[in-house]
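Please look through the following structure slowly, keeping the sequence beside the model. The report below moves from helices to single residues.

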Amino acid sequence: MTTAPTTVIHSARIVSGGDTVPDAWVRFEGDRITDRGIGDAWRDAPAVRAGEAEVTDAAGRWLTPGFVDIHCHGAGGAAFDDGVEAIRAGLSVHRAHGTTRSVCSLVTAPVDVLVERLRAIAAVAASDPLVLGAHLEGPFLDHEFRGAHDPSMLRTADDEALDRLVAAAGGALRQITIAPEHEGAEAAIARLVDEDVAVAVGHTGADFDTALRAFEAGASILTHAFNGMRGIHHRAPGPVVAAMRADHVTLEVIGDGVHVHPEVVRLAFSGAPGRVALVTDAMAATGSSDGAYVLGSLAVDVRDGVARLADTGAIAGSTLTQDEALRRAVLDSGIPLHEAVGALTVAPASAIGRAGDLGRLDVGFAADAVLLDHDLAVASVWGAGARIA
């Protein structure tokens, strides 16, 4: 990425870290936030006085930290499974919708194939700081709750497979989804946690107790809560309630109005305050047209923006963007704006161990920001201090 200029955004309503501050401003120097305040003090910066700063008048609009998506498979007709150029093409769509930092998710495939796909993501991450690394959503999943994952490629976790996958990622493996009830899962969770990989429980038939044991062993994310798992029953609470119980666990929620009912989205925010991460689980059709697509090795039909497997009709990812997730959370589920913004910023950053530098418009944090109109539509986006949309 090119070197970012000094940037000032002023006269904004900043929504960050649970607070809303009117008539506020923030200054970026390079890829970091170097100052913020209220009123006209932004004019005193030397670069502003010299006419060398890029100055944006927010005119009372909302300014939030850049959105962080920890579960996304593609966009613009491109899937992150398909190499470096496809990754870049898909990310460009999401960046225009406010996602400044992304974890690139991969669906189930043979280990040999996943090794090559992980190397491609690692290569992009090495040159683009907005790419946070990779998420393996398979292949260590449950057959019954596999969703849009090829059943012929599912397997149990073992040291040989983990050795190859971790090595291929070259330090860029951020997250991995595992069904904790299967052979090898307990040892895999312990190992991956020791290697600073966030372990997610998902695509699982686990009951409450099994899921809770996985969380107590160090798993810290619930992959797309309510989907690909047992639901909440009054005598069998299941993994969602286990995640709510374990106060270090982040619940991913796909707030597209299809995966989870708006009132259930509200339930998640109530049951795990500050621990909901609004993710897209977006596939290649995002930002593109309806029609026939492929997710991993499976045929997908997209109609009216809803992606389903061609053979079974199972939901196959989404066509969601994070700005739409924000609007749906606020307008359909009644989530206060500051809480919904937190679910796009602080919560996902914390889930992958980046709470110290991502997700807030505070001094020292990454210079990532989204300017939203009064109707919560994206007006401008900055990533690592540079305007990217």
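At what angle do helix α3 and helix α4 pack, and how far apart are their axes? Helix α3 (residues 111-127) and helix α4 (residues 159-169) pack at an angle of about 20°, and their axes are 7 Å apart, where axes are lines fitted to C-alpha atoms, for helices over the stretch in contact, and angles run from 0 to 180 degrees between N-to-C directions. The two helices α3 and α4 are therefore roughly parallel to each other, a term for angles under 35 degrees, while over 145 counts as roughly antiparallel, 65 to 115 as roughly perpendicular and the rest as oblique. In α3, the residues that meet α4 include Val111, Leu114 and Leu118, and their partners in α4 include Ala161, Leu165 and Ala168; contact means heavy atoms within 4.5 Å.

This is a predicted model, in which local features need pLDDT of at least 70 and side-chain atom pairs count only at pLDDT 80 or more, whereas totals for chains, interfaces and linings use all residues. Residues are numbered from 1 along each chain as its sequence is written, and side-chain values use heavy atoms, with hydrogens and water left out.

Helices (H or I, at least four residues) and strands (E, at least two) are DSSP runs, numbered from the N terminus. Helix α10 (residues 337-344) is largely enclosed by the rest of the structure, because six of its eight residues are buried, which means under 20% relative accessible area, with exposed over 50% and partly exposed in between (1.4 Å probe, protein chains only). Those buried residues of α10 are Leu337, Ala340, Val341, Gly342, Ala343 and Leu344.

Three single residues can be set side by side.

| Residue | Element | Relative accessibility |
|---|---|---|
| Arg327 | helix α9 (residues 322-331) | 18%, buried |
| Gln175 | strand β11 (residues 173-178) | 0%, buried |
| Ala78 | strand β8 (residues 78-79) | 9%, buried |

Leaving aside neighbours within four places in sequence, Arg327 is in contact with Asp332, Asp375, Leu376 and Ala377. With such neighbours again left out, the contacts of Gln175 include Ile70, His135, Glu252 and Ile352. Ala78 touches His73, Ala86, Ala89, Gly90 and Ala284, not counting residues up to four places away in sequence. Ala78 and Asp35 are 43 residues apart in sequence, and their C-alpha atoms are 38 Å apart in space.

Finally, the charged end of Arg13 sits over the ring of Trp62, 3.7 Å from the ring centre, a description used if NZ of Lys or CZ of Arg is within 6 Å of the ring centre and within 35 degrees of the ring normal.
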